[in-house]
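Colleague: I'm new to this one, so could you take a close look at a single part for me and then show me how the rest fits around it? Pick a spot in a loop if you like.

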Amino acid sequence: MVVLIKENFAWPAVASKKGTGAPSEATNAFLHGSALELKDYVWKEQERPLVAHNQFDNGELMPVIDMSGVRLCASGNGTLSMSERQRTQTAAAEMARASQEWGFFQIINHGVPAELVKKMETHARNFFEGLKPEEKKQILRDANSNKPMGYACGGLGTRLKNDIPWMESLHLPSSSAEMERYIWRVWKDGNPEFRKVLSEFREAMEKVSIKVMDMLMDMLPELQEKAYPQSATAAGGLARMSANRSKAKAGIEKMVGDKRNNSIVRLNYYPPCPQPNLTLGLGVHSDPHLLTLLHQDLVGGLQVFKDGVWTAVRPRPNALIVNIGDALQVTSNDIYKSVEHRAVCNSLKSRLSMGFFLTPLDDATISPFASSSSRYRPFTWKEYREQMYANRPRGRSNLLHYRIQNS
Ligand SMILES: O=C(O)CCC(=O)C(=O)O
């Protein structure tokens, strides 16, 4: 694979206190909170970004898919009007194409209210920027946990010894009761407004992710027939596709469970960084879960590895970014791609992204739905997650442990 690198771009001026060259207050606050110095955030040379956070025109444009007219009911097209049915089919075909070519796409008119997202952003910024480090650290993540939840700042709350991410993050379990416990531990009055907004945000993101998943499962059997042809009559093929469609949908329902209670809400905050060309907010990784929905603000920083090039995703107001996770790549037997991505910092502005990760239950078995030509051996989600946290693999390499040789 050829990696194209643009050498000639200008990094923005270093964030400093009124041009004095001294680190800004935000930088100092972050360094103080993480108990590290600027030099500790210098990454290995081969990992450093060569595409700036706002160098948006360096690659292809990520597909943008319009979900207007797509009803967010979990499944079943029985009661849809002809036009709703057509729009849903068109959007599903576009999603399936993007999931094969990019592993990523953006959705607009998705049904998560812009007002709700704005409120979430305010509360998230209030947490990251408004609280003192010791207040945030009341819910510091247990670095040795294999299901790490809570707050992390730089290397604090992680097992990382080098290549420390220039970011703060808050991982919250999707189950309301568990999520609320974290808020109560930070705010004595339980911050009722934040709890309400968080719960609405989680619910809205979950609803959309389930719908997107349903649409991708609708498209999967036909793509499987093409990718892994089986000798059969046309009628036999149709019957098999219909059976596989039901199997795929039931499989996903079983994997995530009625209460979807293993999913995660994740808030990522990247303070302005005086050395964005030497560090990363989030290193190269693929998401291990089934499906991610991410809202990013308008600053820019998400980059996706597409055809050997780091492509900066241009922020789009009111859009959500969707990407395929490792678990969905496996269940689709490599038809939908879990793709490497990273977050690049900048020296001028802080950046916020807020994600919902649709996650299998711990004991759910992850294996290809198609009965023929399986490329992975079955494993449980718990096994995958523990393997990942124990080894901290770079990029998509965790999937290799489960891949059947020569498949
Ligand atoms: O902040 C971003 O744009 C990237 C977020 C991300 O990749 C993650 O949370 O896993």
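Modeller: Let's start at N191, which counts as partly exposed because it has 18 C-beta neighbours inside 10 Å, while 20 or more would make a residue buried. Keep in mind that this is a predicted model. You'll find N191 in the loop between helix 5 (176-186) and helix 6. Its backbone is worth a look too: N191 isn't a glycine, yet it has a positive phi of about 35°.

There's another asparagine to put beside it. N318 also isn't a glycine and has a positive phi, of about 65°. This one sits in the loop between strand 9 (309-312) and strand 10 (320-324). N318 has 14 C-beta neighbours inside 10 Å, so it counts as partly exposed.

Now back to helix 6. Helix 6 (residues 192-227) packs against helix 2 (residues 82-101) at an angle of about 75°, and the two axes are 9 Å apart. That angle makes helix 2 roughly perpendicular to helix 6, since 65 to 115 degrees is the range for that label. Which residues make the contact? From helix 2 come T88, A91, A92, A93, M95, A96 and S99, and helix 6 brings V212, M215, L216, D218, M219 and L223. Sort the residues of this contact by class and you get 10 nonpolar, two polar and one charged.

The ligand has its own set of residues. Around it are R266, N268, L282, D287, L294, Q296, G301, L302, H341, A343, S353 and G355. Strand 5 (264-270), strand 7 (291-296), strand 11 (341-343) and strand 12 (351-358) are the elements that each give two or more residues to that shell. By class, the shell around the ligand holds four nonpolar, six polar and two charged residues.

Stepping back to the whole chain, its secondary structure comes to nine helices and 14 strands. The chain's radius of gyration is 21 Å, close to the 22 Å that the globule rule gives for 407 residues, so it is as compact as a globular protein of that length. Its C-alpha trace spans about 75 × 50 × 40 Å along the principal axes. Of the 407 residues, 43% count as buried. As for contacts with a separation of 6 or more, 78% of them in this chain join residues 24 or more positions apart.

Terms used: Residues are numbered from 1 along each chain as its sequence is written. This is a predicted model: local features need pLDDT of at least 70, side-chain atom pairs count only at pLDDT 80 or more; totals for chains, interfaces and linings use all residues. Axes are lines fitted to C-alpha atoms, for helices over the stretch in contact, and angles run from 0 to 180 degrees between N-to-C directions. Helices (H or I, at least four residues) and strands (E, at least two) are DSSP runs, numbered from the N terminus. Angles under 35 degrees count as roughly parallel, over 145 as roughly antiparallel, 65 to 115 as roughly perpendicular and the rest as oblique. Two residues are in contact if their C-beta atoms, placed from the backbone, lie within 7 Å. Ala, Val, Leu, Ile, Met, Phe, Trp, Tyr, Cys and Pro count as nonpolar, Asp, Glu, Lys and Arg as charged, and the others, Gly among them, as polar. A residue is near a molecule or strand if its C-beta atom, placed from the backbone, lies within 6 Å of it. The radius of gyration is taken over C-alpha atoms; the globule rule is 2.2 Å times the number of residues to the power 0.38. A residue is buried if 20 or more other C-beta atoms lie within 10 Å of its own, exposed if 12 or fewer, and partly exposed in between; C-beta atoms are placed from the backbone.
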